[in-house]
Amino acid sequence: MTTTHPPQSTPTTPSSHFDAAARDWDQRPMSQQLAAVPPLLLAHLPLSPTDQVLDFGAGTGLLATQIAPKVAHVTALDMSAAMLQVLDEKGVANITTHHGDIFDGLPGRYHAIVSCMALHHVADTAALMRAFAAALHPGGRIALVDLYAEDGSFHGDNAAKGVQHLGFAPEALQAQAEQAGLQGIVFTGILHMQHRNGQSYPLFLMTGHKP
Ligand SMILES: C[S@@+](CC[C@H](N)C(=O)[O-])C[C@H]1O[C@@H](n2cnc3c(N)ncnc32)[C@H](O)[C@@H]1O
């Protein structure tokens, strides 16, 4: 596994929260619930052994490590160096970690872009959808997991954690994806996360493709 760093990175949201949380990330109860996401996502995302895949906001690789055995290569993009360090230590040969903000550019083009719980940290999701569309090969697919609209209680301290959206209304994200040129957008409820505050928070899987 190799790590690439852009010459300069200008993060749009603070990575300090994730840098501090990285070492214990995989042991957190919420992360252990997110371990259910990869098989559910893979059931909706056809992949081939020759595919190049981007995991946006890959963190410690809870998703990337499960996708890597099924494809040629996964680029794990994240602006938290500490999260990527934990992923690097897992030693998966066909994962390259890329440290940077997606809006500083991407190192390649992809047959699929996946993401888990990173969209709500991006203020301009319309620009994010345009970045995804630009980085996909024709026929390439997206498979994105995040929170349905919530009341702000999921993260608690939203500002300190760089939360830009209290979940999403599917129709708003769908419109942004379609304006970016993506098609066949479908939302599927895939998981309810049980929070220690006693509430249950549903997650969606958003799929679609570039014509
Ligand atoms: C809640 S964590 C999820 C990590 C991992 N996908 C998981 O499910 O455990 C969100 C991640 O997205 C990253 N992130 C947020 N905005 C980003 C951006 N603009 N460019 C790159 N990474 C970003 C953060 O650094 C963080 O590691």
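## A tour of the ligand's pocket

Start by selecting the ligand: the space it takes is the largest pocket. Keep in mind as you look around that this is a predicted model.

**Stop 1: the shell.** Now select what surrounds the ligand. You should pick up 21 residues, and the closest include W25, G57, D78, D101 and C116. Try colouring this shell by residue type: 12 are nonpolar, seven are polar and two are charged.

**Stop 2: polar contacts.** Show the side chains of W25, D78 and D101 and look at how each one meets the ligand.

- At W25, an N or O atom of the side chain sits 2.9 Å from an oxygen atom of the ligand.
- At D78, the distance from a side-chain N or O atom to a ligand oxygen atom is 2.5 Å.
- At D101, look for a nitrogen atom of the ligand instead, 3.2 Å from a polar side-chain atom.

How much of the ligand's accessible area does the protein cover? On its own the ligand has 600 Å², and the protein covers 98% of that.

**Stop 3: the whole pocket.** Next, widen your view to the largest pocket, which holds about 890 Å³ of space. Its lining counts 42 residues, with F18, W25, M117, H120 and H121 the closest to the pocket's centre. Colour this lining by type as well and you get 21 nonpolar, 15 polar and six charged residues.

**Stop 4: helices and strands.** Finally, switch to a cartoon view. Which elements give two or more residues to the lining? Select α1 (16-21), α2 (29-34), α3 (37-42), β2 (52-56) and β3 (73-78) to see them. End on α2, which supplies the largest share of the lining, five residues.

Note on methods:
Residues are numbered from 1 along each chain as its sequence is written. This is a predicted model: local features need pLDDT of at least 70, side-chain atom pairs count only at pLDDT 80 or more; totals for chains, interfaces and linings use all residues. Side-chain values use heavy atoms; hydrogens and water are left out. A residue is near a molecule or strand if one of its heavy atoms lies within 4 Å of it. A polar contact is a pair of N or O atoms within 3.5 Å; within protein, one must be able to donate a hydrogen and the other to accept it, and residues adjacent in sequence count only if both atoms are side-chain atoms. Accessible areas come from the Shrake-Rupley method with a 1.4 Å probe; for residues, only the protein chains shown count as cover. On a 1 Å grid over the protein atoms alone, a cavity is a set of points where a 1.4 Å probe fits but cannot get out, and a pocket is an open set with protein on both sides within 12 Å along at least five of seven lines; lining residues have an atom within 4 Å of a point. A molecule sits in a cavity or pocket if more than half of its atoms lie within 2 Å of its grid points. Ala, Val, Leu, Ile, Met, Phe, Trp, Tyr, Cys and Pro count as nonpolar, Asp, Glu, Lys and Arg as charged, and the others, Gly among them, as polar. Grid points are joined across faces, edges and corners, and a volume is the space filled by probe spheres set on the points. Helices (H or I, at least four residues) and strands (E, at least two) are DSSP runs, numbered from the N terminus.
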